[in-house]
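Colleague: Could you take me through one part of this model in detail, namely how the helix at its start packs against its neighbours?

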Amino acid sequence: MTPFHERRGCDALLHAIKTAGVSRIFTLSGNHIMPVFDAAFDAGIPLIHTRHEAAAVHMADAFARISGEVGVALVTGGPGHANAVSALYTALMAEAPVVLLSGHAPHAQLGKGAFQEMRQADMAEPVCKAAWTCASADAVADDFARAVRIARSGRPGPVHLSLPTDVLEKAVGKMASCVAQDFAAEAMPLDAASANTIMAALKGARRPVILAGPSCLTRAGRARLAALQAACAIPVVGMDSPRGIADPRLGAFAQVLAKADAVLLLGKRLDFTLKFGIAPSIAADAVVFQIDADASEIERSRTALGSRLQVTASADVPSALSALMAQLPQGASNNEVDWLSQFDEAVAWRPPTWQQATSMQADRLHPVQMLRPLQAALDSHPDAVLVCDGGEIGQWASACLDAPHRVINGVAGAIGSALPYALAARCAAAPGAPVIAVMGDGTVGFHIAEFDTAVRYGLDFVAVVGNDARWNAEYQIQLRDYGAARLIGCELQPSRYDAVAIAFGGHGEQVSSAGEMAPAVQRALDSRLPACLNVMIEGLPAPAMQRA
């Protein structure tokens with residue numbers, strides 16, 4: 001152990017990370033962060049060492065969403081940092097509290113052509129809540145605490161802190177005496193008067209709806225939304241998909257939302273996912289209320305909606321939920337019960353034809369045939385995790401499956417994160433809880449080397465790859481917009497991704513008939529290895545959830 005009088009900036013950093021309650025760090029080694037790896041010996045915080053810097057950020061993202069901790073990713077400077085930045089946008093749009101720590105060229109060499117010198121904070125700033133470079137060894141603990149607070153406060157999201165090597169290596173004048181409160185979110189309470197005004201207006205409407213943003217779609221968040229709906233008899237819907245009101249998870253939601261006469265945006269951006277509030281997504285005569293931690297979001301809504309935006313308030317979502325619950329009158333009218341029942345029925349609706357769904361191609365499964373056998377595994381444990389990623393297949397999975405924990409690629413619409421998400425889910429979920437990750441054959445290629453990470457750390461999960469041998473989302477766009485004669489650049493090989501998993505030391509099987517699916521899932525779970533089921537499917541467009 002490093003003697004106290006020789007404690008370095010890296011030791012102060014690890015002390016702060018441990019005080020924050022961080023249970024593991026997702027990382028990839030590199031020159032600039034070797035002092036942090038050295039300090040980790042004494043700190044006792046496990047390092048999950050990945051195969052790509054973006055995967056480390058994706059893992060921190062999913063771990064935060066499932067565990068409730070802040071997720072911490074640690075990468076080297078320069079190109080390592082650049083690789084990691086690409087994953088920050090997904091975490092930003094998912095509203096996940098993540099801190100990206102990147103090594104950095106030493107202060108003493110800046111401007112002199114230092115090894116991998118780069119304006120790292122400037123690069124990260126557009127895709128996170130805040131980004132800066134630590135100034136000194138004495139500042140590193142406080143800087144980390146500040147990063148965690150920012151990540152957790154208001155609308156949660158990622159924060160970047162660059163760590164020059166001389167900051168990490170120099171002795172600290174005095175070890176910072178961090179306490180847990182240094183890392184707590186700064187509350188933005190909703191005042192009782194605003195809560196009462198908004199709730200009274202909603203209760204006075206005939207067809208009110210509450211729409212919540214992605215930060216509410218964690219397991220704890222979904223429970224709080226369900227409690228609010230049960231207490232107020234108003235439909236409460238969390239939205240976290242790039243498909244927005246057309247999210248297949250929400251059934252015929254778009255059709256019933258168009259009937260609402262009052263809408264509360266509870267930490268939910270008025271953006272493309274709501275078609276910017278333009279009728280018929282939200283009726284032209286509907287009134288809108290908004291509670292948001294970001295003043296800029298309220299101003300954007302005011303510009304879009306004009307006088308339709310009637311009451312606004314600044315508050316974070318957890319505080320707002322508590323304040324709204326405190327203003328609820330007892331009981332519900334018959335009209336409220338009827339509207340809530342109508343709304344819930346629309347969201348739960350799925351096409352009846354799915355019950356008999358079969359593939360039109362030999363040795364291929366319809367997506368529903370691939371997915372239906374997975375629900376039993378997800379129902380088998382109270383801490384089970386479902387990961388959904390990919391273009392069309394991710395939408396089929398969202399429509400067909402549910403689980404206590406659910407992690408999707410999110411509003412960013414960027415595919416490729418499923419395998420890192422699955423590894424993080426295994427770290428965060430209870431031992432023995434199944435982790436099922438559904439993805440397409442395009443998606444699996446982004447981070448397929450993370451099967452090696454999973455094998456090294458004994459992180460078992462089941463990757464279910466819907467293999468239609470093409471980039472199907474783009475194929476469907478070309479087919480719809482330009483015609484079959486102008487299909488280009490979407491073809492893939494019908495590759496054996498299961499064989500790749502086996503080569504890394506995992507379990508793998510190919511599935512090409514519906515009858516093979518359930519037994520293959522069980523064998524994959526029983527293997528207690530990182531597993532890949534390479535399922536040959538018919539390449540169908542994402543489900544269009546429109547009731548006749």
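Modeller: What follows is a close look at helix 1 and its two packing partners, with a shorter note on an aromatic pair elsewhere.

This is a predicted model, in which local features need pLDDT of at least 70 and side-chain atom pairs count only at pLDDT 80 or more, while totals for chains, interfaces and linings use all residues. Residues are numbered from 1 along each chain as its sequence is written, and side-chain values use heavy atoms, with hydrogens and water left out.

Helices here are DSSP runs of H or I with at least four residues, numbered from the N terminus. Two packed helices are described by the angle between their axes and the distance between the axes; the axes are lines fitted to C-alpha atoms over the stretch in contact, and the angles run from 0 to 180 degrees between N-to-C directions.

Helix 1 (residues 9-19) packs against helix 2 (residues 34-43) at an angle of about 50°, the axes being 9 Å apart. Helix 1 is therefore oblique to helix 2, a term for what remains once angles under 35 degrees (roughly parallel), over 145 (roughly antiparallel) and 65 to 115 (roughly perpendicular) are set aside. The crossing of helix 1 with helix 2 is right-handed, meaning that the near helix is turned clockwise from the far one by less than a right angle. On the helix 1 side the contact (heavy atoms within 4.5 Å) involves Cys10, Asp11, Leu13, Leu14 and Lys18, and on the helix 2 side Pro35, Val36, Ala39, Ala40 and Ala43. By class, this contact has eight nonpolar, no polar and two charged residues, where Ala, Val, Leu, Ile, Met, Phe, Trp, Tyr, Cys and Pro count as nonpolar, Asp, Glu, Lys and Arg as charged, and the others, Gly among them, as polar.

Helix 1 also meets helix 6 (residues 140-152), where the axes come within 8 Å and cross at roughly 35°. This crossing, too, is right-handed. Gly9, Ala12, Leu13, Ala16 and Ile17 of helix 1 make the contact with Val140, Ala141 and Phe144 of helix 6, and by class there are seven nonpolar, one polar and no charged residues. Leu13 thus appears in the contact with helix 2 and in the contact with helix 6.

Elsewhere, phenylalanine 253 and phenylalanine 343 form an edge-to-face aromatic pair, 5.9 Å centre to centre with 70° between the planes; rings of Phe, Tyr and Trp (its six-membered ring) pair if their centres lie within 6.5 Å, and planes under 30 degrees apart count as stacked, over 60 as edge-to-face and the rest as tilted.

How values were computed. Helix = DSSP H or I, 4+ residues; strand = E, 2+ residues; numbered from the N terminus.
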